[in-house]
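The following paragraphs lead the reader through one protein chain, from its overall layout to individual residues. Please keep the sequence and the structure in view while reading.

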Amino acid sequence: MTTNNPQSPPEALLNRIHPLILVFIGGGTGTLLRVLAPLNISIVNTLGALLLGVLTALWAASPRDTRGQRLLLGTGLLGGFTSYSAIAGVLNYGPLFTSFGTRTPVELFFVLTLLSGLLAAAAGVFIGNLLARVLPGFEPVHPGAESEGEN
């Protein structure tokens with residue numbers, strides 16, 4: 001939601017930078033964080049989905065123009081941090097050996113990774129909506145509020 005509220009200096013700066021540059025900077029930083037994080041790719045993807053859910057809810061509740069933030073942090077940083085394309089690579093290499101020494105079918109790994117991402121994103125939206133209610137400067141989004149007045 002965009003209103004005539006004045007932008008803070010960081011928001012104004014981000015919104016003046018070319019979108020490709022924001023995604024490039026965020027994506028490079030996110031990829032570096034993923035490489036440096038000593039975490040399993042499934043954990044990285046689930047954490048990224050959770051954080052993106054939180055940010056998405058906060059951006060939806062913000063009365064300010066969040067285009068630059070969404071490009072830098074959502075598309076760029078979290079897009080580079082997560083690696084759902086790694087799942088496609090795993091699908092090409094047959095059985096996955098887990099840390100327990102057992103063989104897990106790749107299809108099960110694929111389904112569990114997607115489900116954990118969906119659940120984490122939903123939990124993130126829930127957390128973000130809670131934060132929007134208590135943090136100053138946000139207007140909590142109430143599902144269906146727009147359509148109630150139309151009936």
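Leaving aside its neighbours within four places in sequence, with which residues is phenylalanine 81 in contact? The answer is Gly30, Thr31, Leu33, Arg34, Val44, Leu47 and Gly48. The model in which these contacts are found is a predicted one. Phenylalanine 81 itself belongs to helix 4. With a relative accessible area of 9%, phenylalanine 81 is buried, because buried means under 20%. Its C-alpha atom lies 7.6 Å from that of leucine 32, although the two residues are 49 positions apart in sequence.

The chain as a whole provides the setting for this residue. Seven helices and two strands make up its elements, and from the N terminus on they follow the order α-α-α-α-α-β-β-α-α. The chain has 151 residues, of which 28% count as buried. Among the contacts with a separation of 6 or more, 76% join residues that are 24 or more positions apart.

Helix 2 may be considered next. This helix comprises the 18 residues 19-36. At 1.5 Å a residue they should span 26 Å, and the C-alpha atoms at the two ends are indeed 26 Å apart, so the expected and the computed values agree. Which residues of helix 2 are buried? They are Leu22, Gly26, Gly27 and Gly30. These residues cover an arc of only 115° around the axis, which means that they lie on the same side of helix 2. A general property of such elements is relevant here: an α-helix has 3.6 residues a turn, so residues three or four places apart point the same way. On the face of helix 2 turned away from the buried side are the exposed residues Leu20, Phe24, Val35 and Leu36. The buried residues, for their part, pack against helix 1, residues 9-16, and helix 4, residues 67-81.

Helix 1 and helix 4 also meet one another. Their axes come within 7 Å and cross at roughly 75°; the two helices are therefore roughly perpendicular to each other. Helix 1 contributes Glu11, Leu14 and Asn15 to the contact, while helix 4 contributes Arg67, Gly68, Gln69 and Leu72. By character, the residues of this contact divide into two nonpolar, three polar and two charged.

Leucine 72, one of the residues just named, is located in helix 4. Apart from neighbours within four places in sequence, leucine 72 is in contact with Leu14, Leu22, Ile25, Gly26 and Leu77. Of these partners, Leu14 takes part in the contact of helix 1 with helix 4, and Leu22 and Gly26 are among the buried residues of helix 2. Leucine 72 and valine 23 are separated by 49 residues in sequence, yet their C-alpha atoms are 5.2 Å apart in space.

How do helix 3 and helix 4 lie relative to each other, parallel or antiparallel? The axes of helix 3, residues 41-61, and helix 4 come within 9 Å and cross at roughly 170°. The two helices are therefore roughly antiparallel to each other. On the side of helix 3, the contact involves Val44, Leu47, Gly48, Leu51, Leu52, Leu55 and Trp59, and these meet Gln69, Arg70, Leu73, Gly74, Leu78 and Phe81 of helix 4. The residues of this contact divide into nine nonpolar, three polar and one charged. Phenylalanine 81 thus returns here, in contact with Val44, Leu47 and Gly48, among others.

Two further residues lead to a later part of the chain. Alanine 60 is found in helix 3 and is partly exposed, with a relative accessible area of 36%. The C-alpha atom of alanine 60 is separated by 9.5 Å from that of glycine 128, which is 68 residues away along the chain. Phenylalanine 110 has its place in helix 6, residues 106-134. With a relative accessible area of 31%, phenylalanine 110 is partly exposed. Between the C-alpha atoms of phenylalanine 110 and serine 42 the separation is 9.5 Å, with their positions 68 residues apart along the chain.

Definitions and conventions: Residues are numbered from 1 along each chain as its sequence is written. This is a predicted model: local features need pLDDT of at least 70, side-chain atom pairs count only at pLDDT 80 or more; totals for chains, interfaces and linings use all residues. Side-chain values use heavy atoms; hydrogens and water are left out. Helices (H or I, at least four residues) and strands (E, at least two) are DSSP runs, numbered from the N terminus. The expected span of a helix is 1.5 Å times one less than its number of residues. Buried means under 20% relative accessible area, exposed over 50%, partly exposed in between (1.4 Å probe, protein chains only). The arc is that of the directions from the helix axis to the C-beta atoms. Contact means heavy atoms within 4.5 Å. Axes are lines fitted to C-alpha atoms, for helices over the stretch in contact, and angles run from 0 to 180 degrees between N-to-C directions. Angles under 35 degrees count as roughly parallel, over 145 as roughly antiparallel, 65 to 115 as roughly perpendicular and the rest as oblique. Ala, Val, Leu, Ile, Met, Phe, Trp, Tyr, Cys and Pro count as nonpolar, Asp, Glu, Lys and Arg as charged, and the others, Gly among them, as polar.
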